[in-house]
Amino acid sequence: MLDGRISGWRAAAALALLFAAPAASAQAPAKPPSGEPITIGFSMALTGSLAVNGKSGLLAMQIWAEDQNAKGGLLGRPVKLDFYDDQTNPSLVPGIYTKLLDVDKVDLVVSGYGTNVAAPAMPVVIAHNKTFIGLFALDINEEFKYPKYFSMLPVGPDPRPAISEGFFEVIKANKDKLGLKTIALAVGDGEATRNTADGARVNLKKAGLEVVYDKTYPLTTTDFSPVVRALQATNADIVYISSYPADSVGIIRSVNEMGLKTKVFGGNLTGPQSTSLKTSLGAMLNGIITFDWWLPAPKLRFPGVMEFLAKYQERAPKEGVDPLGYYLGPWAYADLQVLGDAVEGTQSLDQDKIADYIRTHTFKTVVGDVAFGNKGEWAKSRILTIQFQNIAGTSVDDFRDGKGETVIWPDEYKAGDAILPYSSIKH
């Protein structure tokens, strides 16, 4: 990108050329789109337990549609989003997609947010032979094996162990120095948490760890002190949690109240990636090692992402959504970037052509280059392993621009080292 700094003879040469050559015409603005809109249909969690993220994703998609229409739309036609609130209720999803496809007759479809609401849409989408991009849906095509499905989630071709790969790479790097030998696991009794725990068990074997505790807890659990007490009784070197957002908050609060003593604490704790939970927990997060999808760290500022976030953050207060938007915003925007680029690339709404194009091309998006491989998952995993570090307060500014989170793996995006052992960290 040009930075405008031209010095010495280059400035003189540029000035001479300016007067010697005819003035270049300004770039013509995009021709306004016209005709019948191209409609993109989806459900989204605007109420219910996932609404805090669903609303954020919807705003990102609306910004994409506005940006695309400002560039001339798709195929010269305006883009229109057609969506319904799925209420974070999987049982409503098949009916929503049936309406979108049979009544509204949308041209294109993408999923709502999350595994549990994306999976129920699959049979309806398959029956209508539509290309389908899942938004943060974990490995849902393992069962369906649908060739027109693609996943906007950077877990790669082997999703289950990919989530915790970085966690165990950090373990291996510190194993001898800290004497890491034993591990205790506590797993929420849900599909996604069990799946990621299965992947963790694969990785812990590779790391040569001894399992001293491995139990599930009901998703109805509200008091996590017995869980934490049981984990502490094992005296494990490593405590690994696989949890949903509400569980993560309960476990982290109990760990801090009870003073868990362990050398490494973290795992697949879903929830602390979102701003609302970060600001509710504050310094209690310090020392936890878990995953994240994207942060505004220097090596992750892909072209267009900061411009998108500026628009998002300007509108977030009025929309009542996640004020920073780091967790889902860029991914929801990139989701539609891929779909829109495939429509433009094929100059068609033919579903077979669009799917073939997505399968065979690499896409430039606000979350970086995206290419798809086996089962429609990303061809290569790109999950970040982060550690919460040096958090002092609970304001949004304590987390703005990636403060409070340090990327510790992979090396390609690494911004710092893990601070260990966990028990020595000030909360």
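How many cavities of 30 Å³ or more does the count come to? In this predicted model, the count comes to one cavity of 30 Å³ or more, and the legends below begin with that cavity before turning to pockets, a helix pair and local backbone features.

**View 1. The largest cavity and its lining, with a volume of about 40 Å³.** The residues that line this cavity are Ile163, Ser164, Phe167, Tyr240, Gly267, Asn268, Ile289, Thr290, Phe291 and Thr385. At least two lining residues come from each of helix H7 (159-178), strand S9 (264-269) and strand S10 (289-292). By class, the lining of the largest cavity is divided into five nonpolar and five polar residues, with no charged residue. Rolling a probe the size of a water molecule over the atoms shows where empty space of this kind is left.

**View 2. The largest pocket, holding about 770 Å³ of space.** Its lining is formed by 33 residues, and those that lie nearest the centre of the pocket are Leu50, Tyr113, Tyr244, Pro245 and Thr270. Two or more residues of this lining are given by each of helix H2 (51-70), helix H4 (115-118), helix H8 (191-206), helix H10 (245-258) and helix H11 (275-281). Sorted by class, the lining of the largest pocket has 18 nonpolar residues, 14 polar residues and one charged residue.

**View 3. The second largest pocket, with about 350 Å³ of space.** This pocket is lined by 18 residues, and Lys380, Ser381, Arg382, Glu412 and Tyr413 are those that lie nearest its centre. Strand S12 (residues 368-370) contributes three residues to the lining of the second largest pocket, the most of any element. The lining of the second largest pocket is made up of 10 nonpolar, three polar and five charged residues.

**View 4. The packing of helix H2 against helix H12 (residues 305-319).** Two packed helices are described by the angle between their axes and the distance between the axes. For H2 and H12 the angle is about 125°, and the axes are 10 Å apart. Because of that angle, H2 is oblique to H12. The crossing of these two helices, H2 and H12, is right-handed. On the H2 side the contact is made by Ser56, Leu59, Ala60, Ile63, Glu66 and Asp67, and on the H12 side by Phe308, Lys311, Tyr312, Arg315, Ala316 and Glu319. Taken together, the residues of the contact of H2 with H12 divide into six nonpolar, one polar and five charged.

**View 5. Two cis peptide bonds, one from Trp409 to Pro410 and one from Leu420 to Pro421.** Most residues other than glycine have a negative phi, and most peptide bonds are trans. The bond that joins Trp409 and Pro410 is cis, with omega at about 5°, and Pro410 lies in the segment after strand S14 (405-409). The peptide bond from Leu420 to Pro421 is also cis, with omega near 5°, and Pro421 is likewise found in the segment after S14.

**View 6. The backbone at Leu75, in the loop between H2 and strand S2 (79-85).** Leu75 has a phi near 55°, which is a positive value in a residue other than glycine. The loop that holds Leu75 lies between H2 and S2, and H2 is also the helix that packs with H12 in View 4 and that gives residues to the lining of the largest pocket in View 2.

Key
Residues are numbered from 1 along each chain as its sequence is written. This is a predicted model: local features need pLDDT of at least 70, side-chain atom pairs count only at pLDDT 80 or more; totals for chains, interfaces and linings use all residues. Side-chain values use heavy atoms; hydrogens and water are left out. On a 1 Å grid over the protein atoms alone, a cavity is a set of points where a 1.4 Å probe fits but cannot get out, and a pocket is an open set with protein on both sides within 12 Å along at least five of seven lines; lining residues have an atom within 4 Å of a point. Grid points are joined across faces, edges and corners, and a volume is the space filled by probe spheres set on the points. Ala, Val, Leu, Ile, Met, Phe, Trp, Tyr, Cys and Pro count as nonpolar, Asp, Glu, Lys and Arg as charged, and the others, Gly among them, as polar. Axes are lines fitted to C-alpha atoms, for helices over the stretch in contact, and angles run from 0 to 180 degrees between N-to-C directions. Angles under 35 degrees count as roughly parallel, over 145 as roughly antiparallel, 65 to 115 as roughly perpendicular and the rest as oblique. A crossing is left-handed if the near helix is turned anticlockwise from the far one by less than a right angle, and right-handed if clockwise. Contact means heavy atoms within 4.5 Å.
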